[in-house]
Amino acid sequence: MIDAMQDVIELAAAPSVRERLVRRFMRVRGRTVGLAAPLTPEDQIIQSMADVSPTKWHLAHTTWFFEVFVLNRYAQGYTAFDERFGYLFNSYYNNLGSRHPRPHRGMLSRPSADEVQRYRDHVNAACLRLIRQVPDETLGELSKILTLGFNHEQQHQELILTDIKHVFWSNPLLPAYQSAQNQPGATTAPQKWFEHAGGLVQIGCDGDGTGFCFDNETPRHHTYVQPFRFAGRPVTCGEYREFIEAGGYDKPKYWLSDGWNEVEAQQWRAPLYWQKQHGDWHVFTLSGLRPMVESDPVCHVSFYEAAAYAAWAGKRLPTEAEWELFGRTQQVDGNLMECGTLHPMASPCAGMGPWQMFGDVWEWTASPYSPYPGFKAPPGAVGEYNGKFMCNQMVLRGGSCVTPSDHVRATYRNFFPPAARWQFAGFRLAEDI
C-alpha cells in the first residue's frame, strides 16, 4: 500500500508532456543565446569562408525553423515577425522557395543582432503559447516536430562554436572565445586493439518512437561485417606529427587521388589550426593559441588526411558499421560541450573496451554517406533535411567536444565532404583480421 501511494505521489509530481516540452524548449533556446553571449555584434556578422555561417545567421535560422515548421502549421492566426526573413534565413529547403546564397550570409549587416533577438523573442513566445494551448489530439504530432527542432538547434549550437573558431583564427589578432580552461594532466593510455568476430549484424535505429533519431539513422537493418580489429582510442597529435615528420604530406602514394589534388591545391602541410612558432607546433583553440599537446586526439583533419595517415600506418579507417558495433557497447559520456573545455583532450583507458567513443572528436569512417536499405525520406520540406545530401559525403561518428551531451548516440550519422577540415573531426584506426 505504501509503495502504491508513493507511485501516485511520484506520478503527480512528474511534469506533464506539455511542461516537459516547455522546459526543453526554453533550455535549448536559452543555450543557443548563451553560446553567443561572449561575442560582440561585430563578431556575429563575420563569414570567414563559404562553409562558415555568421553567428547571427545561426540565431535567426534556428528561429526560422520553428516559425516555418511549427508556428505556420499549428498556430492558427500566427503573424510572422517579418515576411522577408523567409528568404534570408532559409538554408536549403527548396520546397519552401528561393533563399539568400549561402556564401553571402556575411553580407547581411541587417537585420541587426538586436532585431534578430527580437525575432527570437517573438517566435519563442508564440511557441510557448502553442505548446500550452494546442488540443490534446494534436500534442503528439506537435511534440515530434518540436523534438526535431530541438535537435536541429543543437546541431547549430555546435556549428556556432565550430564557425566562430574559424572566424577568430582568420583574425590576425587570434582572439579567444573563452579564457583558458583548467585541464587534467595530459596523459593517455597506449594504443590497444579490440577484436570483433564479425558476421551478420544489425545496425541503425529502429525508429520505434522510444527515443529520438534522425531519419537517416533508419531503418535498422542487417549488414555483413568481416572479422576486424578496432583501435581503442583516436590517433593523437603526437602520432600524427610523426606522419608529418615522415614526409606524409610529400608522398602521393599514401593519398587518394582527390586528396592529393587537395594537398597540392591548398598547400596542406598539417591539420587546420596548427602553426609552428620557434620550431614547435602550436594549435589554435577557442581559448586562443597554445602549444600542441602530443597526447590530445588530433583534430581538424579532413577525411583525406585521415585516410592518408591510415595508409602510412599500414591500417585503414573503420566502416560506420564497425564503429557502431563498438560504440553501442559504451556509455554516452566523455568530453562533450557541457565539460566547457571546447577542445579535445587526452583520456586514459577507462574500461575493457574502446574509449573516447563519444566526445573529443567526430571520427571519420570509411563509409560514404548513403541511404540505408529501405530508407525513405519523409514527405514535404522536412524530407529535405537529410536525404538530399546522400552524395559526395563521408560519415563521421561519435560527437565532439562541442556537441551537446544529449544530442549523441551510437547510431548518429554525421556527414561532411571529404575535404572538410573546420569541423572538430579526428579518427581512429581499424584493420582486418
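Here are some notes on the predicted model, point by point.

1. Start with how helix 2 (residues 17-36) sits against helix 3 (residues 55-74). Their axes are 10 Å apart and the packing angle is about 165°. Over 145 degrees counts as roughly antiparallel, and helix 2 and helix 3 are therefore roughly antiparallel to each other. As for handedness, helix 2 passes helix 3 in a left-handed crossing. On the helix 2 side the contact uses Phe 25, Arg 29, Thr 32, Val 33 and Ala 36, and on the helix 3 side Thr 55, Leu 59, Thr 62, Thr 63 and Phe 66. Sorted by class, that contact has 5 nonpolar, 4 polar and 1 charged residues.

2. Helix 2 has a second partner to look at, helix 5. Here the axes come within 9 Å and cross at roughly 170°. With the cut-off for roughly antiparallel set at over 145 degrees, helix 2 and helix 5 are therefore roughly antiparallel to each other as well. Helix 2 brings Arg 18, Leu 21, Val 22, Phe 25, Met 26, Arg 29, Thr 32 and Val 33 to this contact, while helix 5 brings Gln 117, Arg 120, Asn 124, Cys 127, Leu 128, Ile 131, Arg 132 and Gln 133. The class split is 8 nonpolar, 4 polar and 4 charged. If you are flipping between the two contacts on screen, Phe 25, Arg 29, Thr 32 and Val 33 of helix 2 take part in both.

3. Helix 10 (residues 320-327) is worth a look for its burial. 8 of its 8 residues are buried, so helix 10 is largely enclosed by the rest of the structure. The buried set includes three glutamates, namely Glu 320, Glu 322 and Glu 324. Also buried in helix 10 are Ala 321, Trp 323, Leu 325, Phe 326 and Gly 327.

4. Next, Asn 151, which is in helix 6. Buried means under 20% relative accessible area, so at 2% Asn 151 counts as buried. A polar atom of the Asn 151 side chain lies 2.9 Å from the backbone oxygen of Thr 147. Leaving aside residues up to four places away in sequence, Asn 151 touches Arg 24, Phe 212, Phe 214 and His 407.

5. His 100 is in the loop between helix 4 (85-89) and helix 5 (113-133). Despite the loop setting, His 100 is buried, with a relative accessible area of 14%. The His 100 side chain reaches the backbone oxygen of His 104 at 2.9 Å. Not counting residues up to four places away in sequence, the residues that His 100 touches are Tyr 87, Leu 88, Arg 105 and Leu 108.

6. Two peptide bonds deserve a check, given that most peptide bonds are trans. From Arg 110 to Pro 111 the bond is cis, with omega near 5°; Pro 111 is found in the loop between helix 4 and helix 5. The bond from Thr 218 to Pro 219 is also cis, with omega near -5°. Pro 219 has its place in the loop between strand 2 (199-203) and strand 3 (221-225).

7. On backbone angles, most residues other than glycine have a negative phi. Gln 267, not a glycine, has a positive phi of about 55°, and so does Leu 342, again about 55°. Gln 267 is in the loop between helix 8 (257-266) and strand 5 (274-277), whereas Leu 342 is in the loop between helix 10 and strand 8 (362-368). Are these two buried or exposed? Gln 267 counts as exposed at 56% relative accessibility, while Leu 342 is buried, with a relative accessible area of 5%.

8. Last, Pro 172, in the loop between helix 6 (136-169) and strand 1 (193-196). Exposed means over 50%, so at 77% relative accessibility Pro 172 counts as exposed. How many residues apart in sequence are Pro 172 and Ser 91? They are 81 residues apart in sequence, and their C-alpha atoms are 30 Å apart in space.

Technical notes:
Residues are numbered from 1 along each chain as its sequence is written. This is a predicted model: local features need pLDDT of at least 70, side-chain atom pairs count only at pLDDT 80 or more; totals for chains, interfaces and linings use all residues. Side-chain values use heavy atoms; hydrogens and water are left out. Buried means under 20% relative accessible area, exposed over 50%, partly exposed in between (1.4 Å probe, protein chains only). Helices (H or I, at least four residues) and strands (E, at least two) are DSSP runs, numbered from the N terminus. A polar contact is a pair of N or O atoms within 3.5 Å; within protein, one must be able to donate a hydrogen and the other to accept it, and residues adjacent in sequence count only if both atoms are side-chain atoms. Contact means heavy atoms within 4.5 Å. Axes are lines fitted to C-alpha atoms, for helices over the stretch in contact, and angles run from 0 to 180 degrees between N-to-C directions. Angles under 35 degrees count as roughly parallel, over 145 as roughly antiparallel, 65 to 115 as roughly perpendicular and the rest as oblique. A crossing is left-handed if the near helix is turned anticlockwise from the far one by less than a right angle, and right-handed if clockwise. Ala, Val, Leu, Ile, Met, Phe, Trp, Tyr, Cys and Pro count as nonpolar, Asp, Glu, Lys and Arg as charged, and the others, Gly among them, as polar.
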